Amino acid sequence: MPASERDARLWLVTGGLGFIGHHLCRALLSRGDSVRVVDDYSDAPYPTVLKMRNEEELRREFPSFEVVRGCVTDRELAPRLLEGTYGVLHLAGLAGVRPSFADPARYARVNTEGTATLLDAAQRQGLELFVLASSSSVYGNATPLPAREEAPAIVPESPYAASKRSAELVASAMLRKTPSMRCPSLRFFTVYGPRQRPEMAITSFLRAILAGKPITVFGDGTMRRDFTHVEDIVRGVLAAAEKAPAGFRPYNLGSGAPVTLTELVEAMGKAASRTPTVVHAPVPLGDVDATFADISRAREELGWSPRLTLTEGLATVVRWLESERTST
Ligand SMILES: NC(=O)c1ccc[n+]([C@@H]2O[C@H](COP(=O)([O-])OP(=O)(O)OC[C@H]3O[C@@H](n4cnc5c(N)ncnc54)[C@H](O)[C@@H]3O)[C@@H](O)[C@H]2O)c1
């Protein structure tokens, strides 16, 4: 709902300088809401300079955009961040399956302790809404596909997946103290689009394809992923903030239409009007065989469904990468 049809709200967006956070902040500010971001300009899993660029661009367009440099595990800071806010959109976290093996303690601290710290402060302040960014990785390899939210999700394949699942479990237990609070946990399925994290498959592959370089596909190309465009994810976050019921409730936000890596490479070649050169490498530790979302719960309870096809979504990434190449 645009702010003109109701009172404008102040949101705390954690991790608002990251890939998804940038798009979410833009959507909120464009509809007339106010945004306070907390972000530590983390150097992982990709360089700080890209977060600074995201910040600069939002500030240029929306001078009132407020950013606090800080860590989500800071207990002193948390109550101040929440002052005057309508709700928390908690995206801050260390993303990435593979790098989580190199620093599991940092992943656990930021993703699990950070969630508990902010949620605890939100409960003490009497806030009624805490939206948690979770991940499809909580399903691991043991969940029957398409994955449904009520699956046990107890065999994570990486420290990252474990940190996200434990953040959910901690939040779910904490909600017993404030049962009227709304705490949707949104399990994002491989998000892509302009500004995607540079180490992720679609951006790194398309960059290589456009530069005429080979791309490295893990495994034999049969691994499947449920790719979801960032515009759809942002609409899903906003729908959950509006419509999620009281209590802790997980929702899959995915396309519901997984493709194999071989199909992805073919679609990327078409989007870039190039023939990709593919090199195969062993599947890294932690990568799951397939992700595939059952999205009926989000459809029924949030009125949400994805709109962009993979072809349309890839075209947005090609346009973004081409505009970057011409502006540098
Ligand atoms: N992109 C995806 O495909 C995907 C899939 C599933 C879940 N998620 C989750 O969605 C969220 C956003 O993902 P993204 O792809 O935009 O990642 P991102 O790395 O671009 O954004 C995360 C942001 O959090 C900030 N951050 C990291 N540690 C922090 C800390 N200790 N205190 C404050 N800020 C901190 C980072 O600086 C960054 O700006 C993450 O929680 C991620 O785990 C993403």
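These exercises, with worked solutions, walk through a predicted model.

**Exercise 1. The main core**

Task: find which residues have the most contacts inside the largest nonpolar core, and which element gives the most to this core.

Solution.
- Step 1. Start with the core itself. The largest nonpolar core holds 46 residues.
- Step 2. Pick out its best-connected members. Val13, Leu24, Phe65, Leu89 and Phe188 have the most contacts inside it.
- Step 3. Map the core onto secondary structure. Strands E1 (10-14), E2 (34-39), E5 (130-135), E6 (182-188) and E11 (247-253) each supply at least two of its residues. So do helices H1 (19-30), H7 (230-243) and H9 (296-302).
- Step 4. Name the main contributor. H7 gives the most to this core, with eight residues.
- Step 5. Look beyond this core. Apart from it lies another core, of 26 residues. Val38, Ala78, Ala92 and Tyr160 are among its members.
- Step 6. Set this against a general trend. In soluble globular proteins, nonpolar side chains tend to be buried together.

**Exercise 2. Around Val13**

Task: list what Val13 is in contact with, leaving aside neighbours within four places in sequence.

Solution.
- Step 1. Take the partners with lower numbers. They include Leu24, Cys25 and Leu28.
- Step 2. Add the run Val35, Arg36, Val37 and Val38.
- Step 3. Finish with Leu89 and Leu91.
- Step 4. Cross-check with the core. Leu24 and Leu89, both contacts of Val13, are also listed with Val13 among the residues with the most contacts inside the largest nonpolar core.

**Exercise 3. The ligand site**

Task: describe the shell around the ligand, its polar contacts, and how much of the ligand the protein buries.

Solution.
- Step 1. Describe the shell. 29 residues surround the ligand. The closest are Asp39, Tyr46, Tyr160, Lys164 and Val191.
- Step 2. Sort the shell by type. It divides into 16 nonpolar, eight polar and five charged residues.
- Step 3. Find side-chain polar contacts. A polar side-chain atom of Tyr46 lies 2.5 Å from a ligand oxygen atom. For Tyr160, an N or O atom of the side chain is 2.7 Å from an oxygen atom of the ligand.
- Step 4. Include the backbone. A backbone N or O atom of Ile20 lies 2.9 Å from a ligand oxygen atom.
- Step 5. Read the burial. Alone, the ligand exposes 810 Å², and the protein buries 98% of that.
- Step 6. Assign elements. H1, E5 and helix H5 (159-174) give two or more residues to the shell. E5 gives the most, with three residues.

**Exercise 4. Backbone oddities**

Task: locate two cis peptide bonds and two non-glycine residues with positive phi.

Solution.
- Step 1. Check omega. A cis peptide bond joins Ala44 and Pro45, with omega about -5 degrees. Another cis bond runs from Leu145 to Pro146, with omega near 0 degrees.
- Step 2. Place the prolines. Pro45 sits in the loop between E2 and helix H2 (48-61). Pro146 lies in the loop between E5 and H5.
- Step 3. Check phi. Ala153 has a positive phi of about 50 degrees. Ser273 has a positive phi of about 55 degrees.
- Step 4. Place these residues. Ala153 is in the loop between E5 and H5. Ser273 is in the loop between helix H8 (261-272) and strand E13 (278-281).
- Step 5. Classify the two. Ala153 counts as buried because its relative accessibility is 5%, and the buried class lies under 20%. Ser273 counts as exposed because it reaches 63%, and the exposed class lies over 50%.

**Exercise 5. Two loop residues**

Task: is Gly254 buried or exposed, and what is Glu128 in contact with?

Solution.
- Step 1. Place Gly254. It is found in the loop between E11 and strand E12 (259-260).
- Step 2. Classify Gly254. At 0% relative accessibility, Gly254 is buried.
- Step 3. List its contacts beyond four places in sequence. Gly254 touches Phe189, Asp226, Thr228, Ala293, Ile295, Trp304 and Pro306.
- Step 4. Place Glu128. Its loop runs between helix H4 (104-124) and E5.
- Step 5. Classify Glu128. It counts as partly exposed because its relative accessibility is 41%.
- Step 6. List its contacts, again leaving aside neighbours within four places. Glu128 is in contact with Ser180, Met181 and Arg182. A polar contact of 3.4 Å joins the side chains of Glu128 and Ser180.
- Step 7. Add a distance. The C-alpha atoms of Glu128 and Ala293 are separated by 28 Å, and the two residues are 165 apart along the chain.

Notes
Residues are numbered from 1 along each chain as its sequence is written. This is a predicted model: local features need pLDDT of at least 70, side-chain atom pairs count only at pLDDT 80 or more; totals for chains, interfaces and linings use all residues. Side-chain values use heavy atoms; hydrogens and water are left out. A nonpolar core is a set of buried Ala, Val, Leu, Ile, Met, Phe, Trp, Tyr and Cys residues joined through side-chain atoms within 4.5 Å. Buried means under 20% relative accessible area, exposed over 50%, partly exposed in between (1.4 Å probe, protein chains only). Helices (H or I, at least four residues) and strands (E, at least two) are DSSP runs, numbered from the N terminus. Contact means heavy atoms within 4.5 Å. A residue is near a molecule or strand if one of its heavy atoms lies within 4 Å of it. A polar contact is a pair of N or O atoms within 3.5 Å; within protein, one must be able to donate a hydrogen and the other to accept it, and residues adjacent in sequence count only if both atoms are side-chain atoms. Accessible areas come from the Shrake-Rupley method with a 1.4 Å probe; for residues, only the protein chains shown count as cover. Ala, Val, Leu, Ile, Met, Phe, Trp, Tyr, Cys and Pro count as nonpolar, Asp, Glu, Lys and Arg as charged, and the others, Gly among them, as polar.
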